[in-house]
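Welcome! If you are meeting this structure for the first time, here is a short guided tour to read alongside it.

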Amino acid sequence: MTARVGILGGGQLGMMLAASLFKLGADVSLYDPDPRSPARHRFASVTTAAWTDRAALARFFAEVDVVTYEFENVDVSVIAEVAGHRVFRPGLSVLTTTQDRLAEKRLCRERGLPHARFEAASSPDELREVGRAFGFPFIVKTARGGYDGKGQARVVDEASLERATAELFADGAARRSLILEELVPFSLEASCIVARDAAGRAEVFPIFENHHEHHVLDWTLVPARLPEPVAETIREIALEAARGMDVVGLLTTELFVAPSAATTGGRVVGEHAVFVNEFAPRPHNSGHVTRTATTLSQFDALARILCDLPLTTPRLVNDGAFVMGNLLGDLWLDRGAARLAFDAWARHPEVLDVMLYGKHEARAGRKMGHFVAHAASPSRAIDAVAAFRRDLSRPVG
Ligand code: AMP
């Protein structure tokens, strides 16, 4: 029987998931308020309606067998109202936890998953008071809604505490749920994707090493440059989290690896300590590398779970190193109205794949596309990212 799958969100993640579902013969419908979403100009069955439009959402749910989502910030109470008996994957409780950083860290505490020390605060006075008691330096984040470094500030002294308080309450709100976290002096950021089916069978993807610029993912390297015992510990943590939340679908765990001598609260492996940063119950930007680097992509894995088809183990397709580089709107803006020089690809045989999302407007920090390169060593793969981007934005002619 053909599966009818609904995807909430028609951005690049929803679009790439739809492509994987089409490979399995599924009927796919997408829902996105933006009439110019990437899905809208590629696929026929896209509902354009607001996230608060209960009637449109109810119709959307009624026409499919199973619904998933490409981002966490959908209103759980609205979904609970409109979902009826439709299967929602990963479920509402997973979504409730992962859309709130405090709930995530509390889950870590309950489940024995390693995490940085944290505290909650919700008013300007409380932030000042709790912050001083917590001790500098720390990082303060809005518990809900922040992404790519938005809604967070580093606090190192009284002056930056005042600045952070002013910024986080700039809209005049009297209360806002905040989390204060100890700053982890990490040497490496990693992510680990677990795909888990309805019978509880799980597959773990190779571990990615992630590098951010201005809080936005810049590149992802696989395999991550980690000693095997640390990699094993990361896989264990990611699996414990997916099982602990009873995820059916994908769970991406973002982690920090730090020197054990300089930290407390991490899961210690020799000289290293591993901390959970946060979770995403969906395909992840770092996982784009799996479209080219592994035998099963994150999108294919989720598509199989949604269609009740068995998973296979995602393995690297080649030796050496794969890297995914994001293409942000800045590259387009830097070149004014002119297009990027994609003919540069011909001079970069190490670049195996380029994907552009078809977004209509380039903005600073906006994810417009990505590419994947392969090289004999990690350092060569990382060098390839800068070299390809440089050539893309070279003056034409
Ligand atoms: P997040 O939005 O929580 O993923 O945070 C964005 C980035 O801020 C992370 O990728 C880290 O580079 C940094 N960051 C977040 N939390 C911490 C922390 N507790 N200690 C050190 N760096 C952090």
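What follows is a briefing on helix packing, aromatic rings, backbone details and two buried residues.

Please keep in mind that this is a predicted model. Helix H10 is a good place to begin: eight of its nine residues are buried. Elsewhere, a search of the whole structure turns up eleven aromatic pairs, and two peptide bonds that lead into prolines, Pro90 and Pro223, are cis.

**Helix H10 and its neighbours**

- Helix H1 covers residues 12-23 and helix H10 covers residues 298-306; their axes come within 8 Å and cross at roughly 60°. That angle makes H1 oblique to H10, and the crossing of the two is right-handed.
- On the H1 side, the contact is made by Leu13, Met16, Leu17, Ser20, Leu21 and Lys23. On the H10 side, Phe299, Asp300, Leu302, Ala303 and Leu306 take part.
- Which residues of H10 are buried? They are Gln298, Phe299, Asp300, Ala301, Leu302, Ala303, Ile305 and Leu306.
- The buried residues of H10 pack against two helices, H1 and H9 (290-293). They also pack against strands E1 (4-8), E4 (66-69), E10 (188-196) and E14 (249-259).
- After H10 comes Asp308, with a positive phi near 55°.

**A second helix pair: H6 and H7**

- Helix H6 (residues 124-134) packs with helix H7 (residues 158-168) at an angle of about 150°, and their axes are 10 Å apart. H6 is therefore roughly antiparallel to H7.
- The crossing of H6 and H7 is right-handed.
- From H6, the residues Pro124, Leu127, Arg128 and Arg132 meet H7. Their partners in H7 are Glu158, Leu161, Glu162, Thr165 and Leu168.
- As a general aid to reading such contacts, an α-helix has 3.6 residues a turn, so residues three or four places apart point the same way.

**Aromatic rings**

- Among the eleven aromatic pairs in the whole structure is the one formed by Phe60 and Phe61. This pair is edge-to-face, with 6.4 Å from centre to centre and 75° between the planes.
- Are Phe60 and Phe61 buried or exposed? Both Phe60 and Phe61 are buried.
- Phe60 and Phe61 also belong to a cluster linked by ring pairs, together with Tyr31, Trp51, Tyr69, Phe71 and Phe88.
- Phe134 has a charged partner: the charged end of Arg117 sits over the ring of Phe134, 4.0 Å from the ring's centre.

**Backbone details in the loops**

- The peptide bond from Arg89 to Pro90 is cis, with omega near -20°. You will find Pro90 in the loop between strand E5 (87-88) and helix H4 (92-98).
- A cis peptide bond also runs from Val222 to Pro223, with omega near 0°. Pro223 lies in the loop between strand E13 (216-222) and helix H8 (228-244).
- His214 has a positive phi, near 50°, although it is not a glycine. This residue belongs to the loop between strand E12 (208-213) and E13, and His214 is exposed, with a relative accessible area of 72%.
- His215 has a positive phi as well, near 70°, and is likewise a residue other than glycine. It is placed in the loop between E12 and E13, where His215 is partly exposed, with a relative accessible area of 45%.

**Two buried residues to look up**

- Val66 is in strand E4 and is buried, with a relative accessible area of 5%.
- Leaving aside residues up to four places away in sequence, Val66 touches Arg4, Val5, Gly6, Val87, Arg89 and Leu306.
- Val66 and Ala19 are 47 residues apart in sequence, and their C-alpha atoms are 16 Å apart in space.
- Ala293 is found in helix H9 and is buried, with a relative accessible area of 0%.
- What does Ala293 touch, not counting residues up to four places away in sequence? Its contacts are Val222, Arg315, Leu316, Val317 and Phe322.
- Ala293 and Val323 are 30 residues apart in sequence but 8.6 Å apart in space, C-alpha to C-alpha.

Conventions: Residues numbered from 1 in each chain as written. Predicted model: local features only at pLDDT ≥ 70, side-chain atom pairs only at ≥ 80, totals over all residues. Heavy atoms only, no water. Phe/Tyr/Trp six-rings, centres within 6.5 Å; stacked < 30°, edge-to-face > 60°. Buried < 20%, exposed > 50% of the residue type's maximum accessible area, 1.4 Å probe, protein only. Lys NZ or Arg CZ within 6 Å of the ring centre and 35° of its normal. Axes fitted to C-alpha atoms, helices over the stretch in contact; angles between N-to-C directions. Helix = DSSP H or I, 4+ residues; strand = E, 2+ residues; numbered from the N terminus. Parallel < 35°, antiparallel > 145°, perpendicular 65-115°, else oblique. Left-handed = near helix turned anticlockwise from the far one by under 90°. Contact = heavy atoms within 4.5 Å.
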